Amino acid sequence: MDIVVCMKQMPDLQQIRIKDRKPILENVPLVWGDLDKNAIEEAALIKEKVGEAKITVVAKGSDKLQQGILEPLAMGADEAVLLTDPAFEGSDSMGTAKVLAKAIEKIGAYDLVILGEGSTDNYSGLVGSALAELLNLPEITYVRELNVENGKVTAVRNMEESFEVVEANLPVVITVAQEINEPRLPKFMAIRKAGAKPRHEWGPADIGLSADEVGENAASVDMLSNLAPEQDRKNIILEGDLDEKIDALVDALIKEGVLGR
Amino acid sequence: MNIESKLGLDVFKIDEEPHIIINQEICRSCEEKFCLYVCPGKLYSINRETGDMDVECSGCLECGTCRIACVHGALDWNYARGGFGVQFRFG
Amino acid sequence: MSEILVFCDKDETAFELVSKSREFAKELGATVSAALLGNGAAGKADDYFSYGADRVYVSEHSVLSDFYVATYADALQQIAEGEDVEFVLLGSTKRGKELAGRLAQKLNAGAITDANDVRVSDGNLVADRYAYGGNTLASVAVNTPKKVISVMPRTFEAGLREAKEGEVVNVDLDLKDPEVRVVERRDKAGDEVNLDEAEMLLCVGRGVQNKEDLEMIEELADLIGAEIGCTKTPASDWEWFSEERMVGLSGKKCKPSLYISIGISGQIQHTVGVMDSKIIATINTDENALMFNITDYGIVGDYAVVVPKLVEKLKSLG
Amino acid sequence: MEEEKVEVVIVGAGLAGLSAAYVLAQEGVDTVVVERGDYPGAKNVTGGRIYMYPVARYFPELWEDAPLERHVTRETLTMMAENCSTSITLDSDRFREEPYHSYTILRSKFDRWFGDKVMEAGAFVLPKSRADDVIMEDGRVAGIRMGDEDEIPADVVIAADGVLSLMAEKAGLRQAQQPKHFAVSVKEVIELPSKTIEDRFSLGPNEGTAQLFFGDLTKGMMGGGFLYTNINSISLGLVVGIESLMERDPKIEVHELIEDFKARPEIRNLIAGGEIVEYSAHVIPEGGVNAMPRLYSDGILVVGEAAGFGLNMLLTVRGMEFAVGSGVMAAETIMKARESKDYSAASLSYYEELVKESFIFKDLHSFRNVLSMLENPRLFNFYPQAVCDIFEKLMWIDENPKAKISSTVIREGISKFLNWSTIRDVAGMLRI
C-alpha cells in the first residue's frame, strides 16, 4: 500500500511577538503543526498494521526543512519530497492544494493521502478537500478513528452532533483530528538513521508548474492587513491574598453589572 | 512591572509534569525557607490551606538558584523536559 | 447583476447569512439567493424568503439525503455556475468548511473560512479571520471571479422576519452516488443545552484535572445561573461533556454577559468562541496563560482552592 | 553493534558545547550535541558581552559573520551610593580599532546561528532533548540517557550542560554546590530603536557601551549591576551572591532588586520609553579554582560553566571566552585520544593540562582571591558612599566660602580612608 502524508512547516506560534500590533516573524523557529504529526503517526500505525506499505511525506517549508524532515522520517516515513523552493512561499490554501496535488501525481502511487484537518496556525481546513477534488478522490474529513483493510477504509468522523461511521474504497483522502492518536517521540537512533532515507527537493518545474503559477503570485486570496486584534479587555490581575482576590473579583463583577442582577 | 507580568513576556512551553518536586517533610523542618525570596521568578509560596510549600514550575526560568539555596536538600530538581519550559528569544 | 448565494447545513446559520447578505446586496447592487438541498428542502423556502432571500434553489435529489461533501459540492457548483453567482457564503460549520475547499476548487475560486466578520469594500467582500493561531486578525479578500467565504455561526444575527415573496427555482441536478457511505451515526453523549444563548457561561479546560472537581464547578454555575461549557480536551479526549458543550472553533460561538474560564490556557481554537463576551474572568494557576491576555479580571491561583472560596463568598451574599 | 553508537556526545548547545562540536565536526568526528531547548540558545543567558581576543584565534572564519550586537567602545564603572553615584568612563580609540576588543551579544540569537554552523560542519544537533543520566559501563562513562526509553551510547561524553552540570554530578565529578560559590543574575532585555540608543549613549553606528555598577543597588550584598547596549535593545541586570542573598536581614526578594535599580535616575532615563521584551535569570559560578569540579574521568570531559569556568574580576565579568576555549581544548583532547582510541581518564587528562596552560586557568588562578574580597560589605556600601561624598563636596557650590580642592580631598580622604579596616581592604586588593 502507498501512503502519502502531507505536512507543512509553520512558525512556532508561541514565539510570535507582537510589536505595534504587527506580528514579528523574523527568527521565529519553524515547527510541524500538531495535526501534521497526527497525520504521520496515523500513517505509521497503518503501516505497522498492514505490514507492507510505503509512506512518502510531502512537506512544504523553508530551507530548514532538511533538518525538520528528519522527525517524520524517524517516525516512520520511508521517503520525503521537500517543497522548499522560495517560489512556493506566500501561497494560499488553494495554491497549496494545487502544489500538493501535482507533487502527489508525480509520486504516482497513492492509496491513502493523509493530512491534518487544518493547520494549527491558520486552521483554514481547505487543503484536504481541495486536494481531494484535484486528485478526483473521495475524502473523509475530521477522522478520529481509522481502519484500513482489504482495499477499504472505515473511519469514525467527529462531527458536531454525532460520530459518523463511514466507509469508502481506496484510494481516498483522509484528514485527521487531533484525538486520533498520540504522536510518538522518535528515538535518537531513528532520527540518525532517518538522515539516510531518500529525500527529493522539487521546485515548481519538477511538478510541471511555472513559478507564476505557485506561491504568492498565484494566490487567490489577498491579505489586506494582518494585525493583532485591538482588544479592550481590562487585563486586571487581582492581587492580594486569596480572600482579597475573591472579594475584589465579586465586587468588580457586581460593578460591571454582570453578577447579582 | 510586577513579576507575573514580567514572566508573561517569556515563552514557556508548559509541561503538565512538574520538574521540581518538593520533599514536604524536609521542607517543613527548614526554618529559613530561602526559596521564598531567592527565586527570580518568585515561584515558591506556602499553601495557606495545607501549609505545604508550592512551586509554580510553569514559570520557571531554570536558573537553578533554588537548587543551590535549598541547603537542606528538599528539592528533587531537574530542568524542564526536552521541548518544554522557558524558551528565551534573546538570552 | 451579481448574486450572493448562501448555503449552510444548519438553517439557523443560513438565516444569519441571508439576513446579513441583504445588507451586502444593497451595497453591491446584488441579489441574495440560497440553496436548499436534501429532504424537506422545498418546505423551507418561505423561511428563507422571510429572512431576505430573493430566490431559492431547491433540490431534493435522493443522493442529497446524506451530506457527503463531494456530492454537495457538486450540487452547489451546478447551482453557482449556472447563474451570476459571484459570492458563495457558507456557514463555517465542520461540513461548511470541508465544502468550502471542495467547492472552491470546482469553481476555480479562492476561499476563506472561519470569517469572523464580513463587510463590503470596493465592490468586494472583505472578511476578517484569525491568523497565526489567534495572534493576529487578518483582513482578506478573494480575487478570483467567484468567491467562497465560510462565516462562523453567530457572527451575524438573523434579522426580523418579514413576509416576503421570492422565486423558487427547482434545479435539476446531475449527481453521482456518493463514494463515501455513512454506515452509522453514533449520538454523542448528548444533553440539551443551548450555549449560544447563555447569558452566563462558565468554561472548563484541561487545567481541570479531576472529574470530581466538576462538582464544585457545577455548584458555582448553579449559584450564578451559568451554563457550563468546555474546551476541546474535556469533550473530545476525556469525554466528560458532550460536544454540545464545546466552545470555540469546532464548537459554539457564545456571547454571554459574563464568561468565566477555569483552567483554560487560551488557545485560539477555544477563545474565538468567547471573544464577544461582555466581561471575561479567568482563574488559572499559570500566570502566563494566554487566557489572561483577553481577560478583564483574572485570578492567578489553583481553581481547586479558588472555586470553593468563590462559592462560599457568593453564598454569603445570598 | 558499532553503528548504534556515536563517537562524541555533547550535552548542551551553549558556547562550550558548540565550540567543541564545531572543531570535532570539522575533523570529521561523529558528533552529536544534545540540547534540551527548542533550539540552541533557547535556555542560554548571558549578561551580555564577549571578549574577542581570547577566542578570535579559534575559528576566525566563523566570527566574521557572527550575529554579534555592537562592538564596545566605551567602558563605564559606576559606584552607586544611596542617593548619588560616581562613574569612571574609559573611551579609547583602541576600542574603535579592528579587530574589536569586545562585543555585546544576545545568546539566543547567537547560539542558534552557531548551532546552524555546527550542523553545516557536519555534527548533529538534537534539540528538545534532555540528557538525564550518564550510561556507566565497567566504571566508565559510555554515553547518555534521555528519559527512560532513549539513550545515546558514545565513546566519550562532553558535559557542557551549564553551571549546575547535572551530568558532571551524575558522573561523580562534582559535589553538591555551595551557595557561596554562586551568584544569581536577573536580567531584562529592553527594546529601544537603534537610533535612540546611539543618541542616548552618544554612540556611533554599531558602537556600544558597557557599564558595570556596584554599591547601593545590591543593598549591601555582594554583587553588582550591568548594562550593555545591543543593536536595538539594552541588556540590563544585576548579580548577587546567593549566600549574601540568603544571609541578608531583613530579607529581600531578588526580583525586586532590579525594579529598584531601574528606578534609579541614573538608569531610569537611559531606558525610558523602552519596552521590556524578556526577563531571564541565570546562575553564575564564582567559586573560581576553589570550586572547580574534576575536569575529566573515564569517558567524560567537563567544559564551560559546567566546569566552573566563570570569573568575576569586579571590573570585568567573564565566562563565554572560557567556554569557547575549554570547548576547543576538550575537542583537541578527544582528537588526540582518538588516535589510540583510548578515552580513559589517563588519556583524557591531557585536557586538564591544556586548561592549566591556557588563559582559562591562569586567569582563574590570578584572580582566585577576588571572591573573598568581594565578600567585603564595605565595598558595596562604604566606599561608593565615601567617593560620592568627596565628589559632592568638591562640586557643591553654595553661599559658604569654598574650601581649596586640595584641602577638601586631603581632609575627606584621611577621615574616610585612613583606618584599619580600609587598610586591610587595600592590602586585600593588592593580593589580586
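How many bridges join strand 4 of chain D to strand 5 of chain D, and do these strands run parallel or antiparallel? I opened the notebook with that one, and I keep in mind throughout that this is a predicted model.

**Entry 1: a hairpin in chain D**

I found seven bridges between strand 4 (residues 71-80) and strand 5 (residues 85-91) of chain D, and the two strands run antiparallel. To fix the register for myself, I looked up Thr76(D) and found that its bridge partner in strand 5 of chain D is Thr89(D). I then followed the chain from strand 4 to strand 5 of chain D: a hairpin joins them through four residues.

**Entry 2: peptide bonds in chain D**

Going on past strand 5, I stopped at Pro99(D), which sits in the loop between strand 5 and strand 6 (102-104) of chain D. The peptide bond leading into Pro99(D) from Glu98(D) is cis, with omega near -5°. I noted a cis bond between Asp249(D) and Pro250(D) as well, where omega is about 0°. Pro250(D) belongs to the loop between helix 7 (242-247) and helix 8 (254-263) of chain D. I wrote these down because most peptide bonds are trans.

**Entry 3: domains of chains D and A**

For chain D, the domain assignment lists domain 1 as 6-69 + 105-175 + 293-357, domain 2 as 180-285 and domain 3 as 373-429. I checked the C-alpha centres of domain 1 and domain 3 of chain D, and 46 Å separate them.

Chain A is assigned domain 1 (2-218) and domain 2 (231-261). Their C-alpha centres lie 45 Å apart.

**Entry 4: who touches whom**

Which pair of chains has the most contacts? Five pairs of chains touch, and the pair with the most contacts is A and C. Chains C and D, by contrast, do not touch; I found their nearest C-alpha atoms 13 Å apart.

**Entry 5: the interface of chains A and C**

Here I count 76 residues of chain A in contact with 85 residues of chain C. Between them the two chains bury about 7,200 Å², with 53% of that on carbon and sulfur atoms. On the chain A side, Glu133(A), Glu160(A) and Arg233(A) lose the most area to chain C, yet together they make up 10% of what that side buries.

I turned to the polar side of this interface next. There are 15 salt bridges across it, and 51 residue pairs are in polar contact. One salt bridge I looked at closely is Arg95(C) with Glu164(A), whose closest N and O atoms are 2.8 Å apart.

Which elements of chain A face chain C with two or more residues? My list reads helix 5 (127-134), strand 8 (139-149), strand 9 (152-158), strand 10 (162-169), strand 13 (221-227), strand 14 (236-237) and helix 7 (242-255). Helix 7 of chain A gives the most, with ten residues. Sorting that side by class, I get 41 nonpolar, 15 polar and 20 charged residues.

I was pleased to see strand pairing between the chains too: two bridges join strand 14 of chain A to strand 16 (residues 297-300) of chain C, and the strands run parallel. Within this pairing, Ile236(A) has Tyr297(C) as its bridge partner.

**Entry 6: the interface of chains C and B**

I looked here for a second interface to set beside the first. Chain C brings eight residues and chain B eleven. The buried area is about 720 Å², and carbon and sulfur atoms give 47% of it. Asp286(C), Glu287(C) and Asn288(C) supply 59% of the area that chain C buries against chain B. How many salt bridges cross between chain C and chain B? I found zero, and the count of residue pairs in polar contact is also zero when both must have pLDDT 80 or more. By class, the side of chain C that touches chain B has one nonpolar, three polar and four charged residues.

**Entry 7: a link within chain A**

My search of the whole structure gave 85 salt bridges over all chains. I picked out Arg184(A) with Glu48(A), where the closest N and O atoms are 2.8 Å apart. Arg184(A) lies in the loop between strand 11 (172-176) and helix 6 (188-194) of chain A, while Glu48(A) lies in helix 1 (residues 34-50) of chain A, so the pair ties together parts that are 136 residues apart in sequence.

**Entry 8: a backbone angle in chain C**

Last, I looked up Glu239(C), which is not a glycine but has a positive phi of about 55°. I placed Glu239(C) in the loop between helix 6 (232-237) and strand 14 (258-262) of chain C.

Methods: Residues are numbered from 1 along each chain as its sequence is written. Chains are lettered from A and ligands numbered from 1 in the order in which they are written. This is a predicted model: local features need pLDDT of at least 70, side-chain atom pairs count only at pLDDT 80 or more; totals for chains, interfaces and linings use all residues. Side-chain values use heavy atoms; hydrogens and water are left out. Contact means heavy atoms within 4.5 Å. Buried area is the accessible area (1.4 Å probe) that two parts lose on being put together, summed over both. A salt bridge is a side-chain nitrogen of Lys or Arg within 4 Å of a carboxyl oxygen of Asp or Glu. A polar contact is a pair of N or O atoms within 3.5 Å; within protein, one must be able to donate a hydrogen and the other to accept it, and residues adjacent in sequence count only if both atoms are side-chain atoms. Ala, Val, Leu, Ile, Met, Phe, Trp, Tyr, Cys and Pro count as nonpolar, Asp, Glu, Lys and Arg as charged, and the others, Gly among them, as polar. Two strands pair if DSSP finds at least two bridges between them. Domain bounds come from an automatic or database domain assignment.
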